[in-house]
Amino acid sequence: MFQILKRTFVTSNSYVPRLTALPNGLRVLTHHIPSISGTTGVWVNSGSRYEFEHTNGVAHFLEHLMCRRAERESGGKIASRLEYLGAQLNAYTSKEISAFYLFHNWSSHPEMLRLLANLITKPEITKQVISSERNNILSEKDQVESILDEQINILMHQACFGASTLGRTILGTESTITNMRAKHLHDYHQKNFIAPRMIVAAAGPCEHERVVDLSRELFSNLKTKQTMVESVQEKRQLRFPFKGVFRQRKLYIPISQMPVAHYALLFPSVGWKDFHQCLIERIIQTNFGNFQTNITSFTNRVLQSQLALDYNPIMYPYRETGIWSFSAVSNPKAVKGFVTEFIKELEELSSSPNITNILNAKNSLKLSFILHRNNTFQFCEEATKYVFMSNRPPPLQEIFDQIDQISLNEISKYALYWLNGLKSFCYIGPETDIHSIYNIIYPNY
């Protein structure tokens, strides 16, 4: 199977990503993928992590204003033009990233990049626009928080990171959204949307030099450094809350009306700072598999014993920390059995990992990198994070070499570290004997 992956790599990845830094600090990243369409976007190293407590949600609010401008400007002509061209404007805000990107026919690339530059560098921040968008954001907040998976996600970060900026929600609170003012939005934009914290990324049938030249023209007026000065109160807030320190906590929320239990085991992650360690975590993640796309020996045992209706290992990597999450949905009486099976698998990894299972996990991980590298959006999404952390997107062969170099001993040490180290647990569902579950998770409970 390794030889098959090797041949796929040689035949489908003959183009290497290219990166150019402009004099103002803006970086331009491209990846040539033969096709008629592609992705063009701007990724900004900003997000809810860079907010103050009283402006929590400002990054997401700003994203709304930028995207809504495309619908309002020139009587809706921009939105009509995008529809005519078959282009789709998207955006998202995460803990550390704000992204604005378009899927489009590549012949319209210059027009698409001009649109993005206009929306990002000249946001419409007025009292009237803020007031009209506020209700939409509050409504979105209510909708998101009504989704159980989103509630679990919020609880996970609160449990692991507490009062730090990583522990806060991305959308903000009802109070901060209601009290959001033009000055908050303007200050955040001036402070974070600067050239050194931005990457123009394009993937498709692109010519690197043409994208570089167009970016130089369109983003020449970007500031090269922060010009905002924080108040004494804001400087105090930045001292501790910005640093993401993983902590151990147990959250138990019994709700008798719920038919099933939603829960998650949470372990500290190294984040993006250590790519090698990050790969070890991803191999362990792949080794556990899931019900949808990656059936493993662990998956089969869970299915045969009917221990879970669904489960999913997910990584939430940030700059210097993160969460390795193992979330599941089970009938209440099966939760203890599932947790027991998970801890048993982790113990086996820590003592005598199965060589065949680890090789399969490594090959599955390589395949996921190949698929991401050949998907225009997924390439931009993943490669920009590497550039923010190490100023380069690693070539596929380099990633493959690092995966091959990871030993069984390294995987064992990592699993043992998780078994004996800090871990958090979140549970929402019918009442259960939670203390018997804690006894399985925490050796000295």
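Which residue in β11 is the bridge partner of L266? In this predicted model, where residues are numbered from 1 along each chain as its sequence is written, that partner is S424. Local features need pLDDT of at least 70, side-chain atom pairs count only at pLDDT 80 or more, and totals for chains, interfaces and linings use all residues, while side-chain values use heavy atoms and leave out hydrogens and water.

Strand β11 covers residues 424-429 (strands are DSSP runs of E with at least two residues, helices runs of H or I with at least four, numbered from the N terminus). Strand β8 (residues 261-269) runs antiparallel to β11, joined by 5 bridges, and β7 (residues 250-254) pairs with β11 in the parallel sense, also over 5 bridges; pairing requires at least two DSSP bridges. Within the β7 pairing, I253 stands opposite I428. In a regular strand the side chains alternate between the two faces of the sheet. Here S424, C426 and I428 on one side and F425, Y427 and G429 on the other are all buried, that is, under 20% relative accessible area with a 1.4 Å probe, protein chains only. Because 6 of the 6 residues are buried, β11 is largely enclosed by the rest of the structure.

Turning to cysteines, the structure holds 0 disulfides, a disulfide being a pair of cysteine sulfur atoms within 2.5 Å. The sulfur of C206 lies 8.4 Å from the closest cysteine sulfur, in C380, too far for a bond. For C67, the closest cysteine sulfur is also in C380, at 16 Å. C206 is buried, with a relative accessible area of 5%.

Technical notes
Buried means under 20% relative accessible area, exposed over 50%, partly exposed in between (1.4 Å probe, protein chains only).
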